[in-house]
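Here is a quick tour for anyone opening this entry for the first time. Have a look at the sequence and the 3D view, then read on.

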Amino acid sequence: MKGNRQKEKVLECLEVLENIEDKETKATHQADVTESDEEYEVEKIIGHKKVRGIFHFLMRWKGFTEDDDTWEPEHALNCPAILEKYKKENRLNVPEPRRRAPLRKSAIKRPTRIVDQIIDYTEKKSGRVFRIRWKGLTSEHDTWEPEKDLTCAALIQKFMKRVKSQKENPPQKEQAF
């Protein structure tokens, strides 16, 4: 059975329970597990990020290497003791999401969007927000994304250099004779 688990790719872990007060809840939920319902045990949480207002945690799975670490949305986790410990250590004071059933492999559909280019930006109190053109999509699908949610630092830097050079050297207007 262990060999089969190692062959399968880790896709989702368990959800967070609404009531973290139950300190005795185990980090895993071992129920009747079938191939489509297979659940994995969390070893520890490595990191976190916020994507469109939802916390995602980088999960290290028991019995797997760091190559198998995956980013999982908070609502899909069911390891309250580990999650609570991580939140306390990293001073994350976030409300608990609604409780949901664990996701099955067949239910996972992760759209992958790649930044094609940065169109515009604006400054807000919370930081810079960029208008993003997504690869393979038209301008009607452009979205405004906070800088903290983007993982294209090189594109941001290139865009900001272009903006700076345009401010320093504005195009000269032709004079009529």
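## The big picture

Of the 177 residues in the protein chain, 34% are buried. Keep in mind that what you're looking at is a predicted model. The chain has three helices and six strands, and along the sequence they come in the pattern α-β-β-β-α-β-β-β-α.

**How far to trust it**

- The average pLDDT of the protein chain is 75, and 66% of the residues reach at least 70.
- Go carefully with residues 3-36, where the pLDDT is below 50. That stretch still has 92 contacts in the model beyond its near neighbours in sequence.
- As for contacts in the protein chain between residues at least 6 apart in sequence, 51% of them link residues at least 24 apart.

**The E1–E2 hairpin**

- Strand E1 covers residues 42-51 and strand E2 covers residues 54-61; the two run antiparallel and are joined by eight bridges.
- One pair to look up is Val51 and its bridge partner in E2, Ile54.
- Two residues sit between the strands of this hairpin. Arg52 is in the turn, and its phi is positive, at about 50°.

**Helix H2**

- Helix H2 spans residues 80-89, and its buried residues are Pro80, Ile82, Leu83, Glu84, Tyr86 and Lys87.
- What covers them? E1 and E2 are among the parts that cover the buried residues of H2.
- After H2 comes Arg91, which has a positive phi near 55°.

**The three-stranded sheet**

- Strands E4, E5 and E6 line up in that order as an open sheet, with antiparallel pairing.
- Its edges are strand E4 (115-124) and strand E6 (143-146), each of which pairs on one side only.
- On average, neighbouring strands here are turned by 35° against each other, ignoring direction.
- Strand E5 takes in residues 127-134, and four bridges join it to E6, with the two running antiparallel.
- If you want a spot to zoom in on, find Phe130, which stands opposite Glu145 in E6.
- Helix H3, made of residues 153-168, lies across E4 and E5 and runs at about 60° to E4.

**Salt bridges**

- How many salt bridges does the structure hold? There are nine.
- One of them brings the side chains of Glu145 and Arg52 together, at 2.8 Å from N to O. Because Glu145 belongs to strand E6 and Arg52 to the loop between E1 and E2, this pair ties together parts that are 93 residues apart in sequence.
- Are those two partners buried or exposed? Glu145 is buried, with a relative accessible area of 6%, while Arg52 is partly exposed, at 46%.
- Glu147 and Arg128 form another salt bridge, with their closest N and O atoms 2.8 Å apart. Glu147 is in the loop between E6 and H3 and Arg128 is in strand E5, so here the parts tied together are 19 residues apart in sequence.
- Both ends of that pair count as partly exposed: Glu147 has a relative accessible area of 27%, and Arg128 comes in at 23%.
- Arg133 pairs with Asp142 in a salt bridge, and again the closest N and O atoms are 2.8 Å apart. Arg133 and Asp142 are both buried.
- There's also a small web to trace: Arg52, Arg113 and Glu145 are joined into one network by salt bridges that share partners.

**Cysteines**

- A disulfide is a covalent bond between the sulfur atoms of two cysteines.
- How many disulfides turn up in the whole structure? The search finds zero.
- Cys79 has 0% relative accessibility and counts as buried. Cys152 is buried too, at 11% relative accessibility.

**Where to look next**

- Start at Arg52 in the hairpin turn and follow its salt bridge to Glu145. From Glu145 in E6, step across to Phe130, which stands opposite.
- Then swing over to H3 and see how this helix lies across E4 and E5.
- Finish at H2, picking out its buried residues, including Ile82 and Leu83.

Notes. Residues are numbered from 1 along each chain as its sequence is written. This is a predicted model: local features need pLDDT of at least 70, side-chain atom pairs count only at pLDDT 80 or more; totals for chains, interfaces and linings use all residues. Side-chain values use heavy atoms; hydrogens and water are left out. Two strands pair if DSSP finds at least two bridges between them. Axes are lines fitted to C-alpha atoms, for helices over the stretch in contact, and angles run from 0 to 180 degrees between N-to-C directions. Contact means heavy atoms within 4.5 Å. A salt bridge is a side-chain nitrogen of Lys or Arg within 4 Å of a carboxyl oxygen of Asp or Glu. Buried means under 20% relative accessible area, exposed over 50%, partly exposed in between (1.4 Å probe, protein chains only). A disulfide is a pair of cysteine sulfur atoms within 2.5 Å. pLDDT is the predictor's confidence in each residue, from 0 to 100.
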